[in-house]
Amino acid sequence: MVPMNTKAIIAAALAVIIVIAGASYYVISNNDGKNKIPPGSENDVTNCNLWVYGNVNGDNYIDQKDVDLLEKIIAGKADEVYIIAYDGYSASGVSQRISLADANQDGVLDSKDVEYVESLILYMKNYSKAVENKSLDTFDEKFTLFYNNCDNIACSVGLPIKTIVSMYFSNSEIIRLLGAVDRVVATDDTTLAKPTLLPEFQGITNLGDRKAVNSEAVLATGADAYFTGSSSTYSKYLEKDVGAVVDIIRLSAWEDNNVMVGALTLGYMLGCTEKAYEYIGWCNHYIDLISDRTSGITDKVTVISPKGRVSDSTTLLEGNGPGSGQFEINELAGAEDISNRFSATSEYPNYTREGILSYNVDAIVISGYCGWEYQPSDVQKRVYDVIDKVRYTYDGTKAVNDGKVYFIANELYTGPSNIVAMTYIATWLYPDIFEDVDGREVFQEYLEKFCPGLLDYNLDAHINQFVYGPDSTGM
Ligand SMILES: [Ca+2]
Ligand SMILES: [Ca+2]
């Protein structure tokens, strides 16, 4: 057993990012070897988005501050800084407390790490400049970067990355916001099935199913790197099959809502740091704004997010729990998501009517299937009819009685545009304290800042495909 005071500190540290006090307590207090995490401290960093070794102090940069701290650590004058790397998506959810100080990943901290970080800083300056000046073709200086992937495994990647494969549409959205679409040599069927969302990817070689991709086809692309997600979902044999030739980069594009880690860490690897920091800054602006106003609320609005599939009413009891992305966005919006009460281990728990009634949930935000590739004529069937079915399924709850049943297209609920969903939810659940915040404006900002291919998209004409709530035109 972990001593009580340590346990409380770990729980507090974890609560900041995962906010499932019940589940984290369960993991820590049942330390049976499967879910072992080292003791935490109140100084642990929970908001590090740059999971690159050499980021010694756990902020979002690798700079002179890291060199200075590393020298102090080596001299015994400072302690290592630990970041909480949460990998909740893999089955039971494993949190790791890791230090990024061993920059060259040789198992010891010494002057070689200092030299490595200094050379990394210099390299990134030249690499980013080559990307910025569009002279990457002739930039042939090589560097091996070490990072922690979304499976919580330390990996290496060879730089520069001149050609890359992008698997899954959320991953492709990240590549676009970083400004690196021109390096994509192959992609997957979900990216190609979204010509409205991702017009600039259309016509790129299709590698098909991201979950079961053909290894030979990956090799045939000749790509330097392959950008995908957790091995529990996406073709876990790839490292073994092609890892010697192609660097397999597993970073979150939605999982655990670690999108910011995915965007910044990949942005670093691609030398697209300027755009990556712009994105992180934009996300943090809204996260902080909502957190500042909701963190003091003691009686938070309780919420669930059932999947709102059109064809099958039984899916209306399928939920989104910790690790799904929706859960984390609800919590960031200041709500108390009660989905974790239905399963301690599954990221997609099944709700029961009895359970939802007994908890008397305050609000329901449907994670629905409309959005980018649909038209206003689809809204009746895909949004309004689904809302009606949800009202029927959850009849008797406070949410239905009070008319607090909302809809967000799942493409907006997870992935890099999920900050838009977060602001909509916050304004719906707490209208009094967010009168000055407008989800629709945040959506437009996302398009203008991070979707250069969508500058002509008429959001007003299509907004009802994405959201249904108090400030949407459908209500
Ligand atoms: Ca740093
Ligand atoms: Ca070392």
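This report covers a five-stranded sheet, a nonpolar core and two helices in a predicted model.

Local features were kept at pLDDT of at least 70 and side-chain atom pairs at pLDDT 80 or more, while totals for chains, interfaces and linings use all residues. Residues are numbered from 1 along each chain as its sequence is written, and chains are lettered from A and ligands numbered from 1 in the order in which they are written.

**The sheet**

Helices (H or I, at least four residues) and strands (E, at least two) are DSSP runs, numbered from the N terminus. Two strands pair if DSSP finds at least two bridges between them. Five strands make an open sheet, ordered β7-β6-β5-β8-β9, with parallel pairing. β7 and β9 (247-250) are the edge strands; each has a single partner strand, so one side of each lacks a neighbour in the sheet.

Two of the pairings are set out here.

| Strand pair | Residues | Bridges | Opposite residues |
|---|---|---|---|
| β5 and β6 | 164-166 and 184-187 | three | S166 and T187 |
| β6 and β7 | 184-187 and 205-206 | two | T187 and N206 |

T187 of β6 therefore appears in both rows: it stands opposite S166, and its bridge partner in β7 is N206. Between β5 and β6 comes helix α5 (residues 169-178), and the three make a right-handed β-α-β unit. Right-handed means that, with the strands pointing away from the viewer, the path from the first strand over the helix to the second runs clockwise.

**The core**

A residue is buried if 20 or more other C-beta atoms lie within 10 Å of its own, exposed if 12 or fewer, and partly exposed in between; C-beta atoms are placed from the backbone. A nonpolar core is a set of buried Ala, Val, Leu, Ile, Met, Phe, Trp, Tyr and Cys residues joined through C-beta atoms within 7 Å. The largest one has 128 residues, and I364, I408, M422 and I425 have the most contacts inside it. Helix α16 (residues 418-429) gives the most to this core: nine residues. Contact means C-beta atoms, placed from the backbone, within 7 Å. Beyond its neighbours within four places in sequence, M422 contacts Y286, I290, I329, L332 and A333.

**Helices α3 and α4**

Helix α3 (residues 64-74) has D66, V67, L69 and L70 buried. Their cover includes α4 (111-132). Just after α3, G76 takes a positive phi of about 80°.

I121 lies in α4. I121 is partly exposed, because 16 other C-beta atoms lie within 10 Å. Leaving aside neighbours within four places in sequence, I121 contacts I62 and D63. I121 and D63 are 58 residues apart in sequence, yet 6.4 Å apart in space, C-alpha to C-alpha.

Technical notes:
Contact = placed C-beta atoms within 7 Å.
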